[in-house]
Amino acid sequence: MAHAMETETCDVLVVGAGLAGCEAALAAAGEGARVALASAGPTFSGSSFFGGTWGLGLVGPDGEKDVDDLVDAIREVGRGVAVPRLARVLAGGVGAAVARLEARGVELRRAERAGERDFIPCFDRTHRSWHGLGRDSYRAATEAALERAGVALLPRHELQGLLVTGGRGAVGGAELVDMGAGRPRRVYAGAVVLATGGFGGLFSRTLTMPDVGGAVAAVALSHGARLVNVEFIQIMPGLVEPVSGVVFNERTFRYARVEGVGGPGAARLLDERGGHGPFSASLADRTVDLAVAAAGPRGARVDYDLPKSLPEFMQTYFDWFEGAFGRSPAEGVRIAPYAHASNGGILVDVRGSTGVGGLFACGEATGGMHGADRIGGLSSANALVFGEIAGREAAAWAAGRAGEKSGGAFVDWDFGDAVASPEAEAVLSELRRSMDERCLLARSDEGLRAQLALIERLDARLAETCGRADDWRDAARSRRVELALLSAHALVTAMLARTESRGAHYREDFPAEDPAQARPLTVRLAGGRAIAEPLDVA
């Protein structure tokens, strides 16, 4: 297919426009870099702007005196899997991130009854500094800041692959497809920042935005980056009825009667389960989630015995729910397990570098700063802290390559003509359904090996049916599926290698923790196949 390749040049290209991507773009621009911000969806997208929840929590240390304790808590909650130096950078950077938001004009809500039990973050042991991060306020203030900084916005542009320079083999830009115009676009850049979110899109039952497809991790893998802790995907109870795809407020478990959860210990288990949103195999209340999963596709019925006065955190949820859906949760709901946020992703260092020259990453696309479980509110904190770091460091890297860029010594990675498979959507649907079945809550050696075999068959099916395309959008959709299959292969490889149950990872054939496996696992590509290896964090 003949096509006109649009080209442009910038210093830093940021891919992904949620919290992390926007912060990276502003930080790079603040260092004097010319910045482009591309996103598969609209600007202000990704998990940060998922509409199926009532808001974003932002947690940090309660002053400098609390930093060390928060680092210790991250490591304890992470159950030996968090990387200590990354956890320290995260905890130490939240205060400055909050100050930047307030200086920008972002309104941060503070709890009126901050001492209530429900404001202890998920999995944590004490109260921290808590803020409610309003999406509308963030969007308005940050949109104005991006415009003032001269950041070029490229919404609805899907990443296809990275460009590399001839001199040092470093990343030198990216190829995108403009899904609105149906045109390929090549962006030459001194550095690239990936801020594309987690792996929720590899599942059909997911609590995230459609643009969080999990595919971009495969691009990083293909260029020599490693993934870490990707087996730890948060599995959240979400609503099936009266609406689907909406986060369930776990705090309400304390007043709930849940189908399949009975007996003399039920009240205690539900009270404990109310202390954290995501499932954890490391806690006794995992039996609640296993019972919900056993209820099948229609989900488990939840009814309530509510007090006259609800705690503030729950009242906020009930008010939001009634306003959004025209009824009260007190009338009863049905819930089922959903894939939610990712605790792991692309491995980065304290500078946000992937170890591949010119390639940085931040936000939910990354891993290491969290462990097997993650303290609630630290996902937003991670996006803000490491978004700023990655953007600043990418600008510094790009500035150091100014002479190389002007020489134009690029070796381009691209597809040439557009190719697509008519089977792409069917392949992706089958992948997602099978990931739900074998890789969501209960995992086993048999199921995971069957999933790897299926991924190989789906990959062959996609390749065998590819042909010349008349539309670059079709080519981009097929490429999206190709990358999703590789990302899924990496995830399943990590799940298979971790022969224990720990935090968000549950193996029904290995239901206990193995102390010898209290360390991060990385995944890299070798000969086109994913290889899992322990990471030494000493």
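**Exercise 1. Pairing around strand 22**

Task: In this predicted model, work out in which sense strand 10 and strand 22 pair, and over how many bridges.

Solution:
- Locate the two strands. Strand 10 covers residues 227-228, and strand 22 covers residues 521-526.
- Read the sense. The two pair in the antiparallel sense, over two bridges.
- Check a residue pair. Val-228 stands opposite Thr-522 in strand 22.
- Recall what holds such pairs together. Strands of a sheet pair through backbone hydrogen bonds.

**Exercise 2. The hairpin**

Task: Find the bridge partner of Val-523 in strand 23, then name the residue with a positive phi in the hairpin.

Solution:
- Start with the strands. Strand 22 pairs with strand 23 (residues 529-534) over six bridges, in the antiparallel sense.
- Pick the partner. Val-523 is bridged to Ala-532.
- Move to the turn. Two residues lie between strand 22 and strand 23.
- Look at the backbone there. Gly-527 takes a positive phi near 60°.

**Exercise 3. A five-stranded sheet**

Task: Give the strand order of the open sheet of five strands, and identify its edge strands.

Solution:
- Write the order: 12-11-15-14-13, with antiparallel pairing.
- Take the edges. Strand 12 (246-247) and strand 13 (256-258) each pair on one side only.
- Examine one pair inside the order. Strand 14 (residues 300-304) and strand 15 (residues 333-342) run antiparallel and are joined by three bridges.
- Place a residue pair. Val-302 stands opposite Val-333 in strand 15.
- Add the helix. Helix 7 (residues 286-294) lies across strand 13, strand 14 and strand 15. Its angle to strand 15 is about 115°.

**Exercise 4. Cysteines**

Task: Count the disulfides, and explain why Cys-10 does not form a bond.

Solution:
- Set the cut-off. A disulfide needs two cysteine sulfur atoms within 2.5 Å.
- Test Cys-10. The closest cysteine sulfur, in Cys-362, is 15 Å away, so it is too far for a bond.
- Give the count: zero disulfides.
- Check exposure. Cys-10 is buried, because its relative accessible area is 4%. Cys-439 is buried too, with a relative accessible area of 0%.

**Exercise 5. The second largest pocket**

Task: State how much space lies in the second largest pocket, and which helix gives the most to its lining.

Solution:
- Take the volume: about 460 Å³.
- List the elements that give two or more lining residues. They are helix 5 (216-222), helix 12 (445-464) and helix 13 (472-497).
- Rank them. Helix 13 gives the most, with nine residues.
- Find the centre. The lining has 28 residues, and Asp-459, Arg-479, Glu-482, Leu-483 and Leu-486 lie nearest the centre.

Note on methods:
Residues are numbered from 1 along each chain as its sequence is written. This is a predicted model: local features need pLDDT of at least 70, side-chain atom pairs count only at pLDDT 80 or more; totals for chains, interfaces and linings use all residues. Side-chain values use heavy atoms; hydrogens and water are left out. Two strands pair if DSSP finds at least two bridges between them. Helices (H or I, at least four residues) and strands (E, at least two) are DSSP runs, numbered from the N terminus. Contact means heavy atoms within 4.5 Å. Axes are lines fitted to C-alpha atoms, for helices over the stretch in contact, and angles run from 0 to 180 degrees between N-to-C directions. Buried means under 20% relative accessible area, exposed over 50%, partly exposed in between (1.4 Å probe, protein chains only). On a 1 Å grid over the protein atoms alone, a cavity is a set of points where a 1.4 Å probe fits but cannot get out, and a pocket is an open set with protein on both sides within 12 Å along at least five of seven lines; lining residues have an atom within 4 Å of a point. Grid points are joined across faces, edges and corners, and a volume is the space filled by probe spheres set on the points.
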